[in-house]
Amino acid sequence: MKLCSITMLASLLWACSDPSTEVPAPPPNIILFLVDDLGWQDTSVPFWERETPFNKRYRTPNMERLASQGMKFTQAYATPVCSPTRVSLMTGMNAARHRVTNWTLQPDQIKPMETNHDFLEFPLWNVNGISPDSTLPNAVFATTLPEIMQHHGYHTIHVGKAHFGAIGTPGEDPLNLGFDVNIAGHAAGAPKSYYGAENFGNTPEFQDTPWPVPGLEKYHGKDIFLTDALTNEALSALDQSTKPFFLYMAYYTVHTPIMANPKFLNHYLEMGLDSIEASYASMIESMDRSVGNILDYLEERQLSDNTVILFMSDNGGLSAVARGGQPHTHNKPLSSGKGSIHEGGIREPMIVKWPGVVQAGSENDNYLIIEDFFSSILEIAGIDQYETNQTVDGKSFVPFLKDNQLRVQDRPLYWHYPNEWGPTGPGIGAFSAVRKGDWKLIYYHLDQRFELFNINNDIGETTNLAESHQKIRKDLATLLTNYLLSVNAQMPKNKQSGELIPLPG
Ligand code: CA
């Protein structure tokens, strides 16, 4: 530090410190909670204008705690299935551009439900996921978010579900994508079992399947739920961290198989829920408890004030199959669920806590999309000098965090799914879509049908305005077409004629 004379101190106290020798504030620690398949209504935190029956059903006191300390985003979007969202998060690219448009697992081949489709011939999308190797075919070669953070001094920790790359490719291992630590992440997007007593699926009968969870051997045979084992391992990784950390806490839960955490089950059975729905609710509460344990850890170690927390889900709540009750109703007031381009498939519960920057207990209704997390997390980390191999589509939402009055109404968001998921239902099937302002246009590849909704007036997407509002439909179709052309998006073909499905414009 510079020495100051008495006279200087008297007259120019403010000028005595030399900016070149000031110690810069340390970069914040960053935790991203990414819950798998958590729906917009799978929480006691209301993300709509009023509390819903689902908000009363589920107990998530730690999401409430986070919301009370941070900013709640009511219109945060992901893609309708796992891998496209995760690849967009890691690369900042829109799915139409990175072409990992469906969920990854087997290398070099499209999914059997795509091959076997009656009417559409699907393109060979980037079935191998992200690759750190530019020569791997059918993969997106990109500079990843953790790679950039690692380069800038962050200790990067991956916990839970990875699902970034196909089996046998380098991208299946988070250590090849910029993470210093990988706990339990691999190619598969679901666990065989949530129970330590069942070795999380590591038993002879399943050893040749992709589903047994790797790397948690010390919990095998123990009475512990997968979410709790991941929490323990995350906390011990934080214990060993000597640098600013980026913890990517990517829960396997609440993805199928729906298996109860017995610690939380009874309350929901006593409410009268069927055993599937009660089990599902217990998985949500178990996830919430894990979030709470990690928040407690930060408080106990006085790390809370310098740790930014982001909470997000990777797609809408599952509703088409495997749930109790009526299909397509589990995200009400939203229509449909996972796999659908209706709001139930893409709208997510999102919260950001940033002490000293974000106003506690605030709410923000700007819409944004998952690739925005890439640019935002780098900005939060103070990293502004970086290069990527890819074109980044995401835009930082940090301006919203800093100024809750800021409104952006004219930005278009895009979704593109030239693929087949399997189940059927509202908004499910190959599509391209755009949201701009209050309007959302969906174009279905199979029959070239349009749906146009005013999301602000009709959040449940009950009234298709494609015929009555033709000017808006045409303008949005042109916008969508131009975007798809600009990123060289893939399209399916008509199986009978062999011709590409025409673009929406
Ligand atoms: Ca998912």
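Helices in these legends are DSSP runs of H or I with at least four residues, and strands are runs of E with at least two, each numbered from the N terminus.

**View 1. Overall fold of the predicted model.** The structure is a predicted model, and its chain comprises 14 helices and 16 strands. The radius of gyration is 23 Å, close to the 23 Å that the globule rule gives for 505 residues, so the chain is as compact as a globular protein of that length. Along the principal axes, the C-alpha atoms fill a box of roughly 90 × 55 × 50 Å. Of the 505 residues, 59% are buried, and among contacts between residues at least 6 apart in sequence, 69% join residues at least 24 apart. The chain exposes about 20000 Å², of which carbon and sulfur atoms supply 51%. The mean positions of its 37 positive and 56 negative charges lie 4 Å apart.

**View 2. Surroundings of Lys-338.** Lys-338 is placed in the loop between strand S9 (307-313) and helix H11 (343-346). With a relative accessibility of 8%, Lys-338 counts as buried, because this value falls under the 20% limit. The side chain of Lys-338 makes a polar contact of 3.0 Å with the side chain of Asp-37. Not counting residues up to four places away in sequence, Lys-338 also touches residues from several parts of the chain, among them Pro-80, Cys-82, His-255, Asn-315, Trp-421 and Ile-428. Glycines occur in this set of contacts as well, including Gly-316, Gly-317, Gly-344 and Gly-345.

**View 3. Packing of helix H3.** Within helix H3 (residues 61-69), the buried residues are Asn-62, Met-63, Arg-65, Leu-66 and Ala-67. These buried residues of H3 pack against helix H10 (275-300), strand S9 and strand S10 (347-353).

**View 4. Val-398 in helix H13.** Val-398 belongs to helix H13, which spans residues 398-402, and is buried with a relative accessible area of 1%. Leaving aside neighbours within four places in sequence, Val-398 is in contact with Trp-354, Ser-376, Glu-379 and Ile-380. The C-alpha atom of Val-398 is separated by 8.9 Å from that of Ser-375, a residue 23 places away along the chain.

**View 5. Two cis peptide bonds.** One cis peptide bond joins Thr-253 and Val-254, with omega about 10°, and Val-254 sits in the loop between strand S8 (245-250) and helix H9 (262-270). Another runs from Lys-332 to Pro-333, where omega is near 20°. Pro-333 lies in the loop between S9 and H11, and the loop between S9 and H11 is also the place of Lys-338.

**View 6. Positive phi at Asp-108 and His-163.** Asp-108, a residue other than glycine, has a positive phi near 60° and lies in the loop between helix H5 (95-98) and helix H6 (112-115). His-163 likewise is not a glycine, yet has a positive phi of about 60°, and its place is the loop between strand S6 (155-160) and strand S7 (181-183). With a relative accessibility of 47%, Asp-108 counts as partly exposed, whereas His-163 is buried, with a relative accessible area of 3%.

**View 7. Pro-504 beyond the last part of strand S16.** Pro-504 is located in the segment after strand S16 (493-494) and is buried, its relative accessible area being 9%. Leaving aside neighbours within four places in sequence, the residues in contact with Pro-504 are Tyr-443, Phe-450, Ala-477, Leu-480, Thr-481 and Leu-484. For one of these, Ala-477, which is 27 residues away from Pro-504 along the chain, the two C-alpha atoms are separated by 5.4 Å.

**View 8. Met-491 ahead of strand S16.** The place of Met-491 is in the loop between helix H14 (470-486) and S16, and at 8% relative accessibility Met-491 counts as buried. Leaving aside neighbours within four places in sequence, Met-491 contacts Pro-123, His-416, Pro-418, Ser-432, Tyr-443 and His-445, together with Leu-500, Ile-501, Pro-502 and Leu-503. Tyr-443 is thus named among the contacts of Met-491 and among those of Pro-504. In contrast to these contacts, the C-alpha atoms of Met-491 and Lys-263, 228 residues apart along the chain, are separated by 47 Å.

How values were computed
Residues numbered from 1 in each chain as written. Predicted model: local features only at pLDDT ≥ 70, side-chain atom pairs only at ≥ 80, totals over all residues. Heavy atoms only, no water. Rg over C-alpha atoms; globule rule 2.2 N^0.38 Å. Buried < 20%, exposed > 50% of the residue type's maximum accessible area, 1.4 Å probe, protein only. Contact = heavy atoms within 4.5 Å. Areas by Shrake-Rupley, 256 points an atom, 1.4 Å probe, with all protein chains shown as cover. Lys, Arg positive; Asp, Glu negative; His and termini not counted. Charge placed at Lys NZ, Arg CZ, Asp CG, Glu CD. Polar contact = N/O pair within 3.5 Å; in protein donor to acceptor, adjacent residues only side chain to side chain.
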